[in-house]
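Here are my notes after going through the model, point by point. Have it open on your screen while you read.

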Amino acid sequence: MQVLVYTFIALAALGVGCTAYFGLTFTPAEAIMAALSFSAVAVVLLERSLRQRAENRLEKAIEDLGLLLAAEGQAGSTLGQRVNALADLNAGRRLEGVEADVSVLGTVIRQIAEAVSDIEERANKPQPIPAPAPLAAVPTNVTQAPPPVVVPVPREPEPPMVPVETLRQALAENRLIYHVQPIITLPQRRPHGYDLVPRLMLDNGELADRAAFMPRQGNEDLLRHIEGLGLIEAIAIGRRSRAADQPINLFIPLSRATLGEWVASEQLIVSLEANRAISSSMVFVVTEAEWQVLAAGERAIVDGLVKKGAGFSLSEVKSLRVDVAELAGQGVRSLRVDATRFIDAPEAFTDFHASDIANYLNRFGVSLMATGVTSERQILELLDIGIAQIQGPHIAAPGPVRPDLMLERPKTAAPVLRRAESKV
């Protein structure tokens with residue numbers, strides 16, 4: 001296109017030169033100068049118009065590029081906000097919650113389907129027609145008395161084999177020792193913690209288990225003394241294991257005898273306050289029956305222990321139909337069930353499917369622990385159910401503490417709780 005324009009300019013300059021030479025009587029030199037001048041002016045004007053047009057196109061392109069960059073910047077900002085929002089959603093935890101809810105929902109649907117199937121089978125099964133009973137002549141003037149109501153008499157717990165006087169003498173002679181029984185996690189079978197198990201050394205040198213000497217009713221001062229010794233032993237083990245860079249979880253027996261007595265409970269809190277470095281590894285084992293009947297003052301002591309970092313484990317649990325969120329808020333970390341009873345009749349403990357109850361408890365930070373494991377078959381069944389923490393004679397029996405961790409016992413009589421705690 002530009003070649004054609006330059007051709008027209010050259011022809012026009014030639015015409016101007018011819019006109020100047022023949023029409024205006026210019027000399028040949030003047031005619032050539034006129035033609036060259038015309039062509040130079042025409043080329044300059046053409047180049048100027050082309051430059052202005054190119055500059056206009058360049059400015060428009062720059063404006064379009066600026067608008068495009070602004071749009072991309074806004075899109076990048078919007079994308080960054082969405083990415084941050086997705087990062088703040090914590091999709092992993094929500095996905096775990098959704099999976100647990102779906103699992104529970106599937107369990108409920110399965111149970112409903114089984115119940116409906118049972119109802120349909122019972123409805124379709126023909127019911128036998130009972131034969132009419134023979135009519136007996138009943139005198140009209142005689143009133144039949146209702147059958148007597150049989151009131152079940154609660155069975156009294158068997159008394160301990162060791163008399164109370166013998167127990168007091170043994171405590172005075174410092175013959176109560178604490179052994180440890182491990183709690184392992186499946187499937188690796190690694191130690192999760194250790195139960196402190198009190199045992200009494202008899203005169204003949206044999207060791208009596210807890211059930212043989214622990215008072216059943218009354219004698220709460222003995223219970224406080226035994227539990228106080230257990231706390232002292234746990235503090236010694238916990239501090240020495242932490243000093244050896246091998247921290248462990250210790251489960252300490254506790255009852256209302258200590259929680260309900262002001263001096264003993266205050267000393268308990270003071271002991272945890274003085275050992276805050278190991279208080280998080282201390283878990284107090286309380287029976288479910290005593291936990292459910294704790295008074296307001298005892299609940300306050302429990303809250304104080306939780307604030308110091310300690311936790312609780314409920315033993316002898318008969319039912320898992322409880323408010324798990326409330327228990328977790330009260331500092332309960334685990335629920336203990338008998339392995340044999342739970343395997344044989346899980347419906348006696350919960351309405352959930354046996355394989356779902358452990359995951360449901362874990363959602364609230366509460367673990368399900370099976371105690372009294374007696375065989376390898378039970379371990380496999382508990383692993384299939386999903387229970388990861390187990391304990392029992394098949395795992396390990398209570399045994400002595402390592403010499404480098406155990407408490408150095410004096411040969412004289414054992415001091416009372418507050419004096420012994422002052423030395424720890």
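1. Let me start with a pair inside one helix. Glu381 and Arg377 both sit in helix α14 (residues 376-385), 4 residues apart, about one turn of the helix. Keep in mind that this is a predicted model. The two residues form a salt bridge, with the closest N and O atoms 2.5 Å apart. Glu381 counts as partly exposed because its relative accessibility is 25%, and buried would need a value under 20%.

2. How many salt bridges turn up in a search of the whole structure? The search finds 12. One that links distant parts of the chain is Arg168 with Asp221: Arg168 belongs to helix α4 (residues 164-172) and Asp221 to helix α6 (residues 220-243), 53 residues apart. Their side chains meet at 3.0 Å, N to O. Arg168 is partly exposed, at 36% relative accessible area, and Asp221 is partly exposed too, at 35%.

3. Next, have a look at Arg175. Its side chain meets that of Glu173 in a salt bridge (2.7 Å, N to O). Is Arg175 buried or exposed? With 13% relative accessibility, Arg175 counts as buried, because the limit for that class is under 20%. Glu173, on the other hand, is partly exposed, with a relative accessible area of 39%.

4. On to strand β1 (residues 176-185), which is mostly covered: 10 of its 10 residues are buried. Leu176, Tyr178, Val180, Pro182 and Ile184 point one way from β1, while Ile177, His179, Gln181, Ile183 and Thr185 point the other way. So you can't pick out an exposed face here, because the residues pointing either way are all buried and buried means under 20% relative accessible area.

5. Which strands does β1 pair with? One partner is β2 (residues 190-201), which runs antiparallel to β1 and is joined to it by 10 bridges. Another is β9 (residues 389-390), also antiparallel, with 2 bridges to β1. Ile184 is a handy residue to click on here: it stands opposite Pro191 in β2 and opposite Ile390 in β9.

6. The turn deserves a quick check as well. The hairpin of β1 and β2 has 4 residues between the strands, and Arg189 takes a positive phi near 60° there.

7. Arg336 is the residue I'd zoom in on next. It lies in strand β7 (residues 332-338). Arg336 is buried because its relative accessible area is 6%, against a cut-off of under 20%. What does its side chain make a polar contact with? The partner is the side chain of Asp195, at 2.7 Å.

8. Not counting residues up to four places away in sequence, Arg336 touches a long list of neighbours, including Ile183, Asp195, Phe251, Val285, Glu316, Met369 and Gln391. Ile183 is already familiar from point 4, as one of the buried residues of β1.

9. Last, Tyr360. Its place is in helix α13 (residues 354-362). Tyr360 counts as partly exposed because its relative accessibility is 22%, whereas buried would mean under 20%. Try drawing a distance from its C-alpha atom to that of Asp101: the two are separated by 8.7 Å, although the residues are 259 residues apart along the chain.

Notes:
Residues numbered from 1 in each chain as written. Predicted model: local features only at pLDDT ≥ 70, side-chain atom pairs only at ≥ 80, totals over all residues. Heavy atoms only, no water. Buried < 20%, exposed > 50% of the residue type's maximum accessible area, 1.4 Å probe, protein only. Pairing = 2+ DSSP bridges. Polar contact = N/O pair within 3.5 Å; in protein donor to acceptor, adjacent residues only side chain to side chain. Contact = heavy atoms within 4.5 Å. Salt bridge = Lys/Arg side-chain N within 4 Å of Asp/Glu carboxyl O.
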